[in-house]
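Hi everyone, thanks for making room for me today. I'd like to walk you through a structure, so let me put it up on the screen.

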Amino acid sequence: MSLGHYLVLSGVLFSIGAAGVFLRKNLITLLLSVEIMLNAVNLAFVAFGRQFGTVDGQIITFFVMTVAAAEAAVGLALVIGLFRHRESLNPEAFTSLKW
Amino acid sequence: MLALIPLLPFAGFLVNATMGRRLPKAVTGGLASAVMVLSFLLAAMQVWSLAAMPPESRQINQTLFTWITAGDFSLDLALRLDALSAVMILVITGIGSLIHIYSTSYMHEESDEAFARFFSYLNLFCFFMLMLVLGSNVLVMFVGWEGVGLCSYLLIGFYYEKKSASDAAKKAFVVNRIGDFAFLLGALLLVVTFNSLDFTTIALAAKEMPVEVTFGTLSLITLLLFVGATGKSAQIPLYVWLPDAMEGPTPVSALIHAATMVTAGVYMIGRNAVLFEHAPMTLTIVAVVGTATALMAGTIGLVQNDIKRVLAYSTVSQLGYMFLAMGMGAFGAGIFHLMTHAFFKACLFLGSGAVIHALHGEQDIRKMGGLKKHIPITYWTFLIASIAIAGVPFLSGFFSKDEILFETFVHGHQILWGVGMLTSLLTATYMFRLVHLTFHGDERFGAAAAHGHQADDHAHAHSAPQHLSTRAPQHLHDAPAPMAFVLIVLAIGSILAGYVGVPHALGGHNNLGAWLEPAFQATNCGAPVTTGELAGIAIAECPPGEAVEGAEDHAALELSLMAVSSLVAFAGIGLATFLWLKRQDIPAQLATQFSGVHKLLLNKYYVDEVYDATIVQPIKVVSQEGLWRGFDVKIVDGAVNGAGYFVSGVSIVLRLLQNGSVKTYAAAIFAGAVTILAYYFWR
């Protein structure tokens, strides 16, 4: 298992996440896709850390996970708030800049 | 001490302008007249001490403070009294005092507020006029020059509720502005050329320069200054404002538009005599313009029917004489005529004021006649002044006008002399036409005055107080005591003023000429060692010096010229008497026979119309269509509106970016990130 394999997997995961963000029409799926992208990045960090023999990659991964948890909490709260307003989870329903 | 002479009228102005409306008329008018009389006494004292000095160093200087310092150029607010300004301040304060006294009675029917306003303007005018003549450099003179223009504007438009008066005021102001602009250019050119504006410094420097045979810097400077003079002194082509200026109250016409302000241009040329002598081309232009103006105004004066307008054209004509003298280099003769003219023209104007006063505002001489026995004091003083201006021997106008014509003849300008003589004939004719139509012959005023009295739409009250017309037209009253006193003093002056300059040919000594002579040369009293030398050189160089010395040789010539001009004067008077007293049918016949010429003269050669068509209307069209509708609306407004349209147009496009769709934003962030990464990747 060389670094290349990890990075390819990471790239594939990131692309899947990005495609999900752009193609899916459900806010919760969007959040899940963002989580996939973040974890793809985490994988790349850890792989680099192992390759260069440092712990920096793992440290930064913890930060990313913390931020991802916070993001998920805030994001889900927003999604609930939005759903209460429009009875919809489609992001296209929320284009007005104020209401 | 010198500064007090102008400052006294200024103090009078301050008091009357701030508190005048709450003071009774006796106080405001009395105060205004008192400061002028005091100023006159002070001026007389100063001139007296000036006369005690030796002729070459006759100067009293007073520097009030340094006004401008810039590099090596410095300018003081300084006053200088010399022989020339001495004559001027005596005329201004002397005639000015008399006219103030006259006005206290003439303007008495005005409201307290208008009365105080009138006297504050009049005082302010005297202040500026005195600054003009006492200023020792061009800039102080210019301040006075502009100041008198302002006061002239204010006083012409004194009855500002009347449209014709405010129009006339604006016309005077705008026309003067044209001349003032040229004057300012001349002054700036003086700074560039001499790095100084002091008259003495300029004169000393100019004396060292060669006389310009071809057109050069000095010619340009003097020409620009002369254009300034044509504005202020009502010469062709800028004379058109003066006849209209008669909309002002009559004392104003006497003081500003006859005796003092309009002579400022003549004084200015005398003040810069050395400069003008070094530019013979300009002098020729001055002489030709002066003569042409004299003739043109004289012919117009012949057919006008408004008593004040006849006098206005007469003033323009007489100013033309003064410029003729200046153009001949006979500066003394020009100033002499200025002085005598101040007396008889002030007397004529104030006399016409008394006539208008008596007739409750009637100014049309066709509706006068036979006033002689009703208002004898006015009649006799008016007659004396008319004789003086006509050039009848041994009155003031005779001496001064003959000196001018003599100098013209001696300098070899026979054509100009001939035109001057013709104008002299015209002068005598139109003045006596005025006398005959006003004071002699049938009484035409009763019906006319009654008519004007009933028909209020008739514009009969041109400048006299409107409510005078409420009195019965039959009650003609002669000038009240203060007015009569002033008229008599001025009439005596009209007789005697000429005796300060009796020519050598008549056994006199031309005292005024000798007194003025040093003022026209570059003398520097600060360096007495060279003074004698300078004066000697100047006399050797300049024509008037020779003329004065050579007068003995020309005595026979001068006497014969005098005889001719006396004959001309009597011929003019005779002609006027024949045409407008004995055979009144002839002028009417002539008018119909030469109706073209008559109409041309009656309409003042259509100069106003020509100016309107060639200058005023094009400016209006360019301003309205070009500057307003073109530049202002299209370009200035267009730029402002265009900026607005540009922003809102761009916004329509930019607004598409902010559509609220989260996915679009995410895509933009993604695309941006990819672009940056790609940049670093393939760099």
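Let's start with a single residue. A:Phe48 comes out at 33% relative accessibility, so it goes down as partly exposed. Its partner in what I want to show you is A:Phe52, which at 59% counts as exposed. Before I go on, please keep in mind that this is a predicted model.

So where do these two sit? Both are in helix α2 of chain A, residues 27-52, and they are four residues apart, about one turn of the helix. Over all chains, there are 25 aromatic pairs in the structure. The pair of A:Phe48 and A:Phe52 is stacked, because the ring centres are 6.1 Å apart and the planes meet at 10°.

Staying with aromatics, let's hop over to chain B. Here B:Phe115, B:Phe118, B:Phe119, B:Phe158 and B:Tyr159 make up one aromatic cluster. There are also arginines sitting over rings. B:Arg177 is over the face of B:Phe173, 4.3 Å from the ring centre. B:Arg271 does the equivalent with B:Phe199, at 5.7 Å from the ring centre.

Now the overall picture of chain B. It has 28 helices and two strands. The C-alpha trace spans about 115 × 75 × 55 Å along its principal axes. Of the 683 residues in chain B, 57% are buried. And if you take contacts in chain B between residues at least 6 apart in sequence, 80% of them join residues at least 24 apart.

Which helix of chain B is largely enclosed by the rest of the structure? That's α10, residues 250-259: ten of its ten residues are buried, so the helix is largely enclosed. The buried residues in α10(B) include B:Thr250, B:Pro251, B:Ser253 and B:His257. As for what covers them, the list includes α3, α4, α5, α9, α14 and α15 of chain B.

While we're on buried residues, have a look at B:Ser400. You'll find it in helix α17 of chain B, residues 396-410. Its relative accessibility is 0%, so B:Ser400 counts as buried. What does its side chain have a polar contact with? With the side chain of B:Thr340, at 2.9 Å. Leaving aside residues up to four places away in sequence, B:Ser400 touches B:Phe336, B:His337 and B:Thr340.

For a contrast, try B:Thr201, which is in helix α7 of chain B, residues 199-208. At 40% relative accessibility, B:Thr201 counts as partly exposed. Its C-alpha is 9.2 Å from that of B:Asn137, and those two residues are 64 apart along the chain.

Next, some backbone oddities. As a reminder, most residues other than glycine have a negative phi, and most peptide bonds are trans. In chain B, the peptide bond from B:Ile236 to B:Pro237 is cis, with omega near 5°. B:Pro237 is in the loop between α8 and α9 of chain B, that is, between 217-232 and 241-244.

That loop has something else in it: B:Ala234 also lies between α8 and α9. Phi of B:Ala234 is near 55°, so a positive value in a residue that isn't glycine. With a relative accessible area of 0%, B:Ala234 is buried.

B:His360 is another one, with a positive phi near 55°. You'll see B:His360 in the loop between α15 (331-358) and α16 (376-390) of chain B. At 4% relative accessibility, B:His360 counts as buried.

Last stop, the interface between the two chains. The size of an interface is often given as the accessible area lost when the parts come together. For chain B and chain A, the buried area is about 790 Å², and carbon and sulfur atoms give 67% of that. In chain B, the residues that lose the most area to chain A are B:Gly660, B:Lys663 and B:Phe670, together 61% of what that side buries. The contact takes nine residues from chain B and 13 from chain A.

How many salt bridges does the rule find across that interface? Zero between chain B and chain A. For polar contacts, the count between the two chains is two residue pairs.

That's my tour. Happy to rotate the model to whichever spot you want to look at again.

How values were computed. Residues numbered from 1 in each chain as written. Chains lettered and ligands numbered in written order. Predicted model: local features only at pLDDT ≥ 70, side-chain atom pairs only at ≥ 80, totals over all residues. Heavy atoms only, no water. Phe/Tyr/Trp six-rings, centres within 6.5 Å; stacked < 30°, edge-to-face > 60°. Buried < 20%, exposed > 50% of the residue type's maximum accessible area, 1.4 Å probe, protein only. Lys NZ or Arg CZ within 6 Å of the ring centre and 35° of its normal. Contact = heavy atoms within 4.5 Å. Buried area = accessible area lost by both parts, 1.4 Å probe. Salt bridge = Lys/Arg side-chain N within 4 Å of Asp/Glu carboxyl O. Polar contact = N/O pair within 3.5 Å; in protein donor to acceptor, adjacent residues only side chain to side chain.
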